[in-house]
Amino acid sequence: MPETQDTWKRCVEFHGHTCPGLAIGYRAALAAQERLQAQFSPDEEMVCVTENDACGVDAIQVLTGCSIGKGNLIYRDTGKQAFSFYSRKDGRKIRVMFKMQGNGHNQADRVTFQEQILNAPDEDLFDFTEPEDLPPSKARIFTSIVCEECGEAAPEHKIRLNQGKKLCLGCFPDYSRGW
Ligand SMILES: [Zn+2]
Ligand SMILES: [Zn+2]
């Protein structure tokens, strides 16, 4: 299908190379859009919660319009090859979990794996479930606070207090001790 080749090409152009990971995101986005009867989101019509920050997320952004910049792509790091999609319009939602195993790390294996992913039926690639939670709330605009150390402004929910001074995260002395 020429149209399919074109959408894949657009993902590769954005991502920079072809790889099995990009193919996972490509197929996940198409499968979710078909099941939610959703199209590309010019605004925040659709929200994606991605559970990884790997190659596939780039295809999700190109095809669904869920992006960091618009606030409708949310990164919830479990490290899994899973993506949940929520349609704000009609409340439909779906979680897409990639279930195929790769069979090696040399280049020939990767090319074969990528072709498998691009051509397999949806059901061989993914488990589909309905997430129980609601879509994350819409992106908000916060009041800006000027950091008393560096003088740069940051939204108030990113400001910390240190000995009574309002500090940005760049100036706040970290006390996370690994957490
Ligand atoms: Zn890649
Ligand atoms: Zn600062």
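Is Asn162 buried, partly exposed or exposed? In this predicted model, Asn162 counts as partly exposed, at 24% relative accessibility. The value lies above the cut-off for burial, since buried means under 20% relative accessible area. Asn162 lies in strand S8, residues 160–162. Leaving aside residues up to four places away in sequence, Asn162 touches Leu167, Phe172 and Pro173. Val49 stands well apart from this setting: Asn162 and Val49 are separated by 113 residues in sequence and by 33 Å in space, C-alpha to C-alpha.

The overall fold was examined next. The chain contains five helices and nine strands. Along the sequence these elements follow the pattern α-α-β-α-β-β-β-α-α-β-β-β-β-β. The C-alpha atoms fill a box of roughly 60 × 40 × 30 Å along the principal axes. The chain has 179 residues, and 39% of them count as buried. Among contacts with a separation of 6 or more, 61% come from residues 24 or more positions apart.

Two zinc sites were then compared in turn. At the zinc ion (ligand 1), the coordinating atoms are His15 NE2, His17 NE2, Cys19 SG and Cys55 SG. Their distances are 2.1 to 2.4 Å. The donor residues are spaced H-x1-H-x1-C-x35-C in sequence. Two of the donors, His17 and Cys55, link distant parts of the chain, 38 residues apart. His17 is in the loop between helix H1 (2–15) and H2. Cys55 is in the loop between strand S1 (46–50) and H3. Both donors are partly exposed: His17 has a relative accessible area of 40%, and Cys55 has one of 26%. The angles subtended by the four donor atoms run from 90 to 141°, so the arrangement is irregular. The reason lies in the upper end of that range, because a tetrahedral assignment needs all angles between 85 and 135 degrees.

At the zinc ion (ligand 2), the protein donors are the SG atoms of Cys147, Cys150, Cys168 and Cys171. These atoms lie 2.3 to 2.4 Å from the ion. The donor residues follow the spacing C-x2-C-x17-C-x2-C. Cys150 and Cys171 link distant parts of the chain, 21 residues apart. Cys150 is in the loop between strand S6 (144–146) and strand S7 (153–155). Cys171 is in the segment after strand S9 (165–167). Cys150 is partly exposed, with a relative accessible area of 37%. Cys171 also counts as partly exposed, at 26% relative accessibility. Here the four donor atoms subtend angles of 102 to 114°, and the arrangement is therefore tetrahedral. For four tetrahedral donors the ideal angle at a metal is 109.5 degrees.

Helix packing was considered next. Helix H2 (residues 20–36) packs against helix H3 (residues 56–64) at an angle of about 35°. Their axes are 6 Å apart. The crossing of H2 and H3 is right-handed. H2 contributes Gly21, Leu22, Gly25, Tyr26, Ala28, Ala29, Leu30 and Gln33 to the contact. H3 contributes Gly56, Asp58, Ala59, Ile60, Leu63 and Thr64. By type, the residues of this contact divide into eight nonpolar, five polar and one charged.

Gln114 offers a view of another helix. Gln114 lies in helix H4, residues 107–119. With a relative accessible area of 9%, Gln114 is buried, because the cut-off for burial is under 20%. Not counting residues up to four places away in sequence, Gln114 touches Trp8, Thr18, Cys19, Pro20 and Ala23. One of these, Cys19, is a donor to the zinc ion (ligand 1).

Backbone geometry picked out two further glutamines. Most residues other than glycine have a negative phi. Gln37 has a phi near 50°, a positive value in a residue other than glycine. Gln37 is placed in the loop between H2 and S1. At 58% relative accessibility, Gln37 counts as exposed. Gln163 likewise has a positive phi, about 50°, although it is not a glycine. Gln163 is placed in the loop between S8 and S9. Its relative accessible area is 79%, and Gln163 is exposed.

Methods:
Residues numbered from 1 in each chain as written. Chains lettered and ligands numbered in written order. Predicted model: local features only at pLDDT ≥ 70, side-chain atom pairs only at ≥ 80, totals over all residues. Heavy atoms only, no water. Donors = N, O, S within 2.8 Å, 3.2 Å for Na, K, Ca; no water. Tetrahedral: all angles 85-135°; square planar, octahedral: opposite > 155°, others 65-115°. Helix = DSSP H or I, 4+ residues; strand = E, 2+ residues; numbered from the N terminus. Buried < 20%, exposed > 50% of the residue type's maximum accessible area, 1.4 Å probe, protein only. Axes fitted to C-alpha atoms, helices over the stretch in contact; angles between N-to-C directions. Left-handed = near helix turned anticlockwise from the far one by under 90°. Contact = heavy atoms within 4.5 Å. Nonpolar A, V, L, I, M, F, W, Y, C, P; charged D, E, K, R; others polar.
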